[in-house]
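Biologist: I should like to go through the terms used to describe this protein and hear, for each, what justifies the word. Please set the value against the criterion each time.

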Amino acid sequence: PVAKTVAAALNHDGPAQTMTVAGCFSPSVAIAYFDSCADNGLLENIDALTLHLYGAPQSMPQTLGFFREWLAQHGYGSMPIWVSESGTGWQATPQQRPSLKESLSVALSTTMRGIETMVCGASRYYSFYLGCHTEGSVGWGMCDSQASPLRSLATWLYASQALSHKHYLGDLKARPDGLISARVFGDGGNDAIVVLYSQSMAPLRLPIRPECVNGADGRLLNLPADGAIPIPDRMCYVKVSAKSLNGLLEPGLSDLYKQGQKAVAGKKVRRLVLQPQINAGSVAQTSLNGYTLNPAQASAFPLTFYASNISEKPIKGKVRILALGEGAKAQPKSDEIAIDIPPMSSIKESRSISLQSQLSSSGKVQVKISAADEDGAVLDTASMIFLPEPAKEVYTVAKGPDKFSPDGRPSPERWSNAIEISSLKCYSDAL
């Protein structure tokens with residue numbers, strides 16, 4: 001509802017000119033949550049999907065590949081991806097400066113992660129965090145407590161400068177052992193840049209003669225007479241003649257990169273927004289997978305929603321509530337609700353619906369609320385996933401001499417030496 005409302009508010013005077021970006025998705029979140037966002041119209045109402053990425057640079061192809069595939073499954077395979085937050089933490093100090101070893105590692109990880117997301121077709125990448133910033137004992141800033149730049153800021157600024165207005169062309173075919181990647185960038189001119197990312201600082205040999213080599217922070221590195229390429233930062237920028245690359249490139253991640261360069265259709269701008277309201281007392285448990293109901297709650301669930309007209313004209317139409325169990329046809333859970341909403345106003349509707357039989361037979365029920373105008377054109381939809389309360393067993397846990405923290409497997413043996421606790425509820429959906 002927030003993304004829909006913001007998109008409408010920013011573009012209410014005409015065609016959708018102001019970009020709306022949303023998501024803040026992390027690969028650690030349940031896929032069911034992503035699907036729920038799509039089912040609720042998130043992708044229809046934004047211009048770009050935002051991600052928060054903190055994984056290793058070499059994991060970016062798999063991560064961005066997953067989100068690109070997920071977008072395609074929902075009909076938005078070419079939607080721009082913005083990495084709106086990405087950084088590398090370090091042990092905070094009173095001066096807010098990492099140790100030399102950590103400084104080198106943080107700069108390498110943050111910068112190469114940004115380059116890898118570019119290779120994977122991300123449209124934008126925002127390093128976290130420009131100013132001095134600490135969360136508990138972890139420092140994130142690219143400046144210290146005196147606003148003095150850290151190495152991570154220097155390496156990130158140089159990466160932005162070196163690769164600005166360039167496109168990913170592919171990877172070098174012949175790569176020496178120990179090299180993680182050799183990404184090639186160019187702008188159609190006479191020169192190209194090869195970004196080397198290595199497992200160590202040992203000099204490397206390439207099948208082409210470099211014109212010059214710059215370190216991670218842009219400093220010029222001396223080339224020895226034997227042609228070995230120094231890489232004291234575990235990454236470097238090798239400037240070469242574009243012609244010298246003939247026959248030496250392989251596609252690499254070009255398909256993933258090109259997918260992010262395609263033109264996309266504009267977003268929809270809503271006139272009406274549906275917003276379900278779930279009271280904590282009406283569900284047994286809330287998770288990213290959906291809302292869990294016990295039998296009593298499922299037999300008479302109080303479904304409440306707001307329908308907000310965010311346009312300057314009145315809206316007349318109907319709202320339908322449907323429940324869809326896995327492998328079953330949608331069943332209407334209420335009569336059509338007539339709506340007549342004045343401009344810039346909201347109405348509240350409540351209905352009691354029974355989901356018990358469908359939860360018992362299918363194990364999961366999707367409840368959809370759909371609003372249409374008098375001509376039958378869909379104005380908005382809202383979707384919620386409901387799950388039956390999982391089976392649980394209670395184990396008595398004995399007091400042991402050791403502070404042992406077992407995992408969540410429902411096995412009495414694994415809990416026999418745990419710290420004292422009166423009982424343990426093991427929910428099957430948590431395993």
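Biologist: Why are Lys239 and Asp191 said to meet in a salt bridge?

Modeller: A salt bridge is a side-chain nitrogen of Lys or Arg within 4 Å of a carboxyl oxygen of Asp or Glu. For Lys239 and Asp191 the distance from N to O is 3.6 Å, so the pair meets the criterion. The two partners come from distant parts of the chain, 48 residues apart: Lys239 is in strand 13 (residues 235–241) and Asp191 in strand 10 (residues 191–198). This is a predicted model, in which local features need pLDDT of at least 70 and side-chain atom pairs count only at pLDDT 80 or more, while totals for chains, interfaces and linings use all residues. Residues are numbered from 1 along each chain as its sequence is written, and side-chain values use heavy atoms, with hydrogens and water left out.

Biologist: What makes a stretch a strand or a helix?

Modeller: Both are DSSP runs numbered from the N terminus: helices are H or I with at least four residues, and strands are E with at least two. The protein has nine helices and 26 strands.

Biologist: Why is Lys239 called partly exposed?

Modeller: Buried means under 20% relative accessible area, exposed over 50%, and partly exposed in between, with a 1.4 Å probe and protein chains only. Lys239 is at 29% and Asp191 at 31%, so both fall in the middle class.

Biologist: How do you know that Arg271 and Asp373 form a salt bridge?

Modeller: Their closest N and O atoms are 3.9 Å apart, which satisfies the distance criterion. Arg271 is in the loop between helix 6 (254–259) and strand 15, whereas Asp373 belongs to strand 23 (residues 365–373), 102 residues apart. Arg271, at 35% relative accessibility, counts as partly exposed; Asp373 has 18% and is therefore buried. Elsewhere, Lys4, Glu44, Lys268, Arg270 and Asp380 are joined into one network by salt bridges that share partners. The structure holds 19 salt bridges. One of them joins the side chains of Arg219 and Asp217, with 2.8 Å from N to O.

Biologist: What makes strand 9 (residues 179–186) largely enclosed by the rest of the structure?

Modeller: Seven of its eight residues are buried, so the rest of the structure largely encloses strand 9.

Biologist: With which sense do strand 9 and strand 10 pair, and over how many bridges?

Modeller: Two strands pair if DSSP finds at least two bridges between them. Strand 9 and strand 10 have seven, in the antiparallel sense, so the pairing criterion is met. Leu179 has Ser198 of strand 10 as its bridge partner. The two strands form a hairpin with four residues between them, and Gly188 in the turn has a positive phi of about 90°. Strand 8 (residues 167–172) also runs antiparallel to strand 9, joined by four bridges; Gly170 is matched with Val184. That hairpin has six residues between its strands, with Gly178 in the turn at a positive phi of about 90°. In general, strands of a sheet pair through backbone hydrogen bonds, either parallel or antiparallel.

Biologist: What is the order of the three strands in the open sheet?

Modeller: The order is 15-18-22, with antiparallel pairing. Strand 15 (272–277) and strand 22 (345–353) are edge strands, since each pairs on one side only. Strand 15 pairs with strand 18 (residues 301–309) over six bridges, and Val273 has Ser308 as its bridge partner.

Biologist: Why does Ala22 count as buried?

Modeller: Ala22 has 15% relative accessibility, so it is classed as buried. Ala22 lies in strand 1 (residues 21–25). Leaving out residues up to four places away in sequence, Ala22 touches Ala3, Leu42, Ile46, Ala48, Leu49 and Thr50; contact means heavy atoms within 4.5 Å.

Biologist: What do Val2, Val6 and Leu10 form on the surface?

Modeller: They form a nonpolar patch. Patches are made of residues with over 30% relative accessible area and no salt bridge; like charges are joined within 9 Å, and nonpolar side chains (Val, Leu, Ile, Met, Phe, Trp, Tyr) within 5 Å. Val6, in helix 1 (residues 2–10), has a relative accessible area of 36% and is therefore partly exposed.

Notes
Accessible areas come from the Shrake-Rupley method with a 1.4 Å probe; for residues, only the protein chains shown count as cover.
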